[in-house]
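Grab a coffee and open the structure in your viewer. Try each exercise before you read its solution.

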Amino acid sequence: MKKIFGTVVSAFFFLASLAQSKYTVSGIVKDDKTGEELIGASVYLKDTTGIGTVTNSYGFFSLSIPAGKKILAVRYVGYNDYTLGIDTLANQSINISLTPASKELKAIEITAKKGDDNIKSAEVSAIKLDIKQLEKIPVLFGEKDLLKTIQLLPGVQPAAEGNSGFYVRGGSNDQNLILLDEAPVYNASHLLGFFSTFNNDAIKDATLYKGNMPAEFGGRLSSVLDVKMKEGNSKDYVISGGIGLIASRLNIEGPIVKDKGSFIISGRRTYADVFLKLSKNEALRKSQLFFYDLNAKANYRIGQRDRIFISGYFGQDKFGFRDRFSITYGNTTATTRWNHVFSDKLFSNTSFIYNDFNYTVAINQVSIDVKSVVRDFSLKEDLDFYLNANNKFKFGFLTTFHTIVPGQIVSKDTARLNSILLTKNYGWENAVYAQHEVSIKNKVVINYGIRFSIFSQTGPSKYYKFPDPEVTDTFDLKLGQFGKTYFNAEPRFSISYNFFPKMSFKLAYSRNAQNLHLLSNTTTSFPTDRWVMTSNNVKPEISDQVSGGYFVNFHKDMFELSVEGYFKWLQNQIDYKNGATLRANETVENQLLFGIGRTYGAEFFFKKATGKFTGWVSYTYSRSERKFANINNNTWYPSRFDRTHNLSVVLMYDITPRINVSATWVYYTGLATTFPIGKYFLNGEILPYYGLRNQDRFPDYHRLDIGATFVLKKRSWWEHDLNVSVYNLYARKNAYSIDFTADINSGTAYAEKTYLFRIVPSITYNFKFTVPQVKKKVK
């Protein structure tokens, strides 16, 4: 009897579990042709509402679904839809491969997720870029550039003519965190800013967060640009590259073991120095002007639950004039990552990260070198936990040890000049974070979290105490000792409410803290600008941003419209005393002024995403202001990054499957600056007299670029094309700098405008070759 009763009870609970229990389906979504994991692919149950998810940064997904027979669907822009019938009576692991759609069906998207993700996602002020789209947009010298493309988006402004530096929502250049495979890149430019460090052939994915960043990111106030390198083709060996007027590049990728591991090596070099040697001018023949960079990455899958990644970047610039002086600078990054799937619901990524930025200025006439280094070692852990289809958690930590060697002056001839060795600075930065995303009845999505950051001065180093202006005391920290420590809680919150299936309103708040600061008193940043850490004299910069927006898609997701507004409060902002000495200054901190700031604005974005004719229009109205006790009588004044109006128009048209034409037109208000308001005589010289700071502006800027791509041949194993572009088609003389001079005899003062580029034509030849696989004969 007891046995029968136990059997009945077991059967009852078994049937109840079938009726009520849920099971987890997890796996990886890949590109069927290359084996690359697809980031942000939509995985959902067909013919149901609210049961779905997106793949993470490594293509992993986890979805809890009711027991029984279901149809699993996967969508990703540019790929054919995928469906699979499953019978969930237990947890399952499924790897899914999507086939690329034909060219005629591909959507030209900025966001690489399904059509309505910009509506349903709780993310505010985040833009995901399609790397393939960069190939069609005309840019300076024809070199496809990720950083110049994001300057065409709302809320993002170029630092200067042809420059890869950018400002986001009124913040400075150093308030942008640029990550390459999780490694910070402190100077993301080549040739003093005219090229970026990112070789388009090596880039897989890029996402820009404009202030309202997820809790996993921190350390900067304005934005995070999260760039991920390709893993390499795990199925075939592929050789690709391009030859342009200024630079050429070569990319090699292929399997280490087919479908288990792959590699990619991508290199690029300019050859302006080769043309210099052909010059009749002896000074130019003996000069140097070039850069090169190398991206490399390898990965290997160890079983079903583990995968190892190793990636690195090395780039260097060199500019030298005869044997008089030279500037050499570059970045090095290295990232080692371990992916581990603990269970169907828990995914882990552990990263060890190294990055180094350094420069050397050699002044041969006086036999000195000026050297500087910024170096980090980091350990990072991220965990994704999928509780169910409506609740996702992410949590982890980051610990970083910073080293800054400021601009040391090293004399090669101590008999003529002594070396000036500035104190090295060390800092230890730690952060832990947690965030939770919850979906409520497929109408409301809430993402909230918090990040706790701690920054400490560490030894061995010397630090100074001074109220302005003199040093009043010094103190030394020995190895292992800690100085001033700052603790910051950084809450993050965002909510999306769907009024209708294709319409939503979003609201967000975030606080960010920044502990590394770039000292630069020029409009654009240069490699030789100086980085300093938070210290007993320099407090962490703090920002609080509130933003909200209206988002709508219409006409079967062909068109997208968004309107966003924001207001950002800034604390502990840095400016400089008049005549401040920032380089080779041991006590540079007493050259700084500290105040508050505010930025606010509205961003409008209209995009046509599909069809032969695609593109977007972006307009930003913004103000960026600062307030310092010792500047402009303690009143609000425009910051150096203030631009009131910014308009970008991007148009692309596929005339045929083999011919594409494109055009971009940009307009923006000139940067705020300070011009002389008078002059005076001193010791026989005419000197300028300046009034209030940043009350003048450069002339407004506008420019038209056009381009065309001609596919010469496209086969399954071989393809090549020709790209032609013209930068600044109507030869606008946009001011790069304005200098004021005076005639000593007449006393007449006048302004001299310097412009860099008028019409700049470019042509680039691109190719791609897939090595045929030799098939073994079956006996």
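What follows is a set of exercises on this predicted model, each with a worked solution.

**Exercise 1. The two domains**

Work out how the chain is divided into domains and how much area domain 1 and domain 2 bury between them.

*Solution.*
- Start with the bounds: domain 1 covers 2–104, and domain 2 covers 227–672.
- Next, take the C-alpha centres of domain 1 and domain 2, which sit 36 Å apart.
- Now look at who takes part in the contact: 28 residues come from domain 1 and 28 residues from domain 2.
- For the area, domain 1 and domain 2 bury about 2,200 Å² between them, with 45% of it on carbon and sulfur atoms.
- Finally, ask which residues of domain 1 lose the most area to domain 2: they are E36, Y58 and F60, together 27% of what that side buries.

**Exercise 2. What holds the interface**

Count the salt bridges across the interface of domain 1 and domain 2, then describe the side of domain 1 that touches domain 2 by strand and by residue class.

*Solution.*
- The rule finds two salt bridges across the interface of domain 1 and domain 2.
- Going by the domain bounds, E37 falls in domain 1 and R301 in domain 2, and their side chains meet in a salt bridge at 3.3 Å, N to O.
- Polar contacts come next: twelve residue pairs across the interface of domain 1 and domain 2, both partners at pLDDT 80 or more.
- On the domain 1 side, β1 (22–31), β3 (52–54) and β4 (60–66) each supply at least two residues that touch domain 2.
- Sort that side by class and you get six nonpolar, 14 polar and eight charged residues.

**Exercise 3. Two serines**

Is S164 buried or exposed, and what about S223? Place each serine and list what it touches, skipping residues up to four places away in sequence.

*Solution.*
- S164 sits in the loop between β10 (156–158) and β11 (166–168).
- Its relative accessible area is 1%, under the 20% cut-off, so S164 is buried.
- Leaving out residues up to four places away in sequence, S164 touches L147, K148, Q151, A188, S189, G193, F195 and S196.
- S223 belongs to strand β17 (residues 223–229).
- S223 counts as buried because its relative accessibility is 0%.
- With that same sequence filter, the residues S223 touches include F166, V168, L177, Y209 and M213.
- One more pair to check in your viewer: S223 and D174 are 49 residues apart in sequence and 9.8 Å apart in space, C-alpha to C-alpha.

**Exercise 4. Buried salt bridges**

Take the salt bridges E560 to K607, D642 to R623 and K380 to D382, and decide for each pair whether the partners are buried or exposed.

*Solution.*
- For context, the structure holds 33 salt bridges.
- E560 and K607 meet at 3.1 Å, N to O. This pair links distant parts of the chain, with E560 in strand β36 (residues 559–576) and K607 in strand β37 (residues 592–608), 47 residues apart.
- E560 counts as buried because its relative accessibility is 11%, and K607 counts as buried because its value is 3%.
- In the salt bridge of D642 with R623, the closest N and O atoms are 3.2 Å apart. D642 is in the loop between β39 (637–638) and β40 (645–656), while R623 is in strand β38 (residues 613–627), 19 residues apart.
- D642 and R623 are both buried.
- K380 and D382 pair at 2.4 Å, N to O, and both are buried.
- K380 and D382 also belong to a network of salt bridges that includes E36, D181, E182 and R337.

**Exercise 5. Backbone oddities**

Which peptide bond is cis, and where do R169 and D181, with their positive phi values, sit?

*Solution.*
- The bond from G459 to P460 is cis, with omega near 5 degrees. P460 is in the loop between β28 (444–458) and β29 (461–465).
- R169 is not a glycine, yet its phi is positive, about 50 degrees. You'll find R169 in the loop between β11 and β12 (176–180), and it counts as buried because its relative accessibility is 2%.
- D181 has a positive phi near 50 degrees. Its place is the loop between β12 and β13 (183–184), and D181 is buried, with a relative accessible area of 2%.

Definitions and conventions
Residues numbered from 1 in each chain as written. Predicted model: local features only at pLDDT ≥ 70, side-chain atom pairs only at ≥ 80, totals over all residues. Heavy atoms only, no water. Domains from an automatic or database assignment. Contact = heavy atoms within 4.5 Å. Buried area = accessible area lost by both parts, 1.4 Å probe. Salt bridge = Lys/Arg side-chain N within 4 Å of Asp/Glu carboxyl O. Polar contact = N/O pair within 3.5 Å; in protein donor to acceptor, adjacent residues only side chain to side chain. Helix = DSSP H or I, 4+ residues; strand = E, 2+ residues; numbered from the N terminus. Nonpolar A, V, L, I, M, F, W, Y, C, P; charged D, E, K, R; others polar. Buried < 20%, exposed > 50% of the residue type's maximum accessible area, 1.4 Å probe, protein only.
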